[in-house]
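Reader: Before any classification is accepted, I should like to see the criteria behind it. Please show the model first.

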Amino acid sequence: MIFRRSLQRELASAAGATFTVLFSILVTWTLIAILGRAAGGKVASSDVLALIVFRSAELLPIILILTCFIAVVAAVTRSYRDSEMVVWFASGQSLLAWIRPVLTLGLPMVFVVAALSLVVTPWAKMKSAEFVERFQKREDLQRVAPGQFRESSSNDRVFFVERSAEGTTVVQNVFVNSVDGNEHSVVVAKQGVIETDGKGGQFLVLSNGRRYEGIPGQANFQTMEFERYSMRVATQAPMLGADIPVAALSTPALLLAPNRFTQAELLARIAAPITCLILMLLAIPLGFVNPRAGSSANMILALLIFFTYNNLVRLSEASVKQGKLAFAMGWWPLHLFALLCVAGLFAWRLNVNHPYHPLVLIGALKRRLRKPQPLHKREEAAVE
């Protein structure tokens, strides 16, 4: 019991530190990506914080899986490095005795990963898609930010506003470039006011400006000055939710609409908790290290295994999505193979008499280094 409590505290401490580092990297990377999209006019600047939260919730299952895997590998590696495993084996305990304390802390994490993958992640993807779609379908002038060129939703106009005043209804120094076939129309004005007609239509009323109209490359441009000029810029915005991505559908919705796309998404969701459980079991025999050597090789190998496993899951998902593999044959073979690898690695670590066991190899290397040299080689060394 003392060992189990100590191990659980160590696992919790290692998991907390690992999660803090990985989550900080995730949030920083997400912040940079979303700020870049906001600067490019793809999302609203007021939605940046919400999009960061949604994106973090989407990637949280992967972060938790990697956290659990690294925490167990770090705990086992430290026990080998500090020679605590020697005492553990000398007391008659087996490496299998590590499974229970690891699962005591790991099974709740598996259920958390399952809840995130099956419920929270689809909801976060849905909300993120709604925010982006709502911004893309806003009225043209509401998407315009002062000092930036913005293209209309119909891709036939470009707006530029130097600054805005009195909220969002009055803008200063307006530039509008419209394209109608081969003809181009450029309108510049000192001031513009946004007005609606009460029927879903929206107009930009410009004052004290000038309009240039003609075909580029020809000299017959028309120029006119105006004191008041009304321009229709938008009609009633379309409703949201016309095209919902498969990744944003809830798990019950995936089950109600069985096809290769929904089944591929379902395969990816159920793979997350299974992967978390198998990797935690794999980390126990994988954490072996020579006490006289460093432990960085174990961490590098653990990261390679994690990314390889994750990529193989994505490959199975892509195969089901493309119709090359049936869902019934796509979701379990990879995990069964990984579980057999775990069992084989446990058997290898437990069989200390195996000629390729790490302890046997280390002992053979030590005996080879300590083997006395022949007499003629010692005489040659003495003469030298």
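The exchange below sets computed values against their cut-offs.

Author: This is a predicted model, in which local features need pLDDT of at least 70 and side-chain atom pairs count only at pLDDT 80 or more, while totals for chains, interfaces and linings use all residues. Residues are numbered from 1 along each chain as its sequence is written, and side-chain values use heavy atoms, without hydrogens and water.

Reader: Why is Ser-128 called buried?

Author: Buried means under 20% relative accessible area, exposed over 50%, and partly exposed in between (1.4 Å probe, protein chains only). Ser-128 has a relative accessible area of 16%, and therefore counts as buried.

Reader: Which residues is Ser-128 in contact with, leaving aside its neighbours within four places in sequence?

Author: They are Leu-51, Phe-54 and Glu-58, where contact means heavy atoms within 4.5 Å.

Reader: What makes Glu-58 and Arg-55 a salt bridge?

Author: The term requires a side-chain nitrogen of Lys or Arg within 4 Å of a carboxyl oxygen of Asp or Glu. In this pair the closest N and O atoms are 2.9 Å apart, so the criterion is met.

Reader: Are these two partners buried or partly exposed?

Author: Glu-58, at 14% relative accessibility, is buried, whereas Arg-55, at 30%, is partly exposed.

Reader: How do you know that Glu-317 is buried?

Author: Its relative accessibility is 9%, so Glu-317 is classed as buried. Glu-317 also forms a salt bridge with Arg-314, with the closest N and O atoms 3.1 Å apart. Arg-314 is partly exposed because its relative accessibility is 40%.
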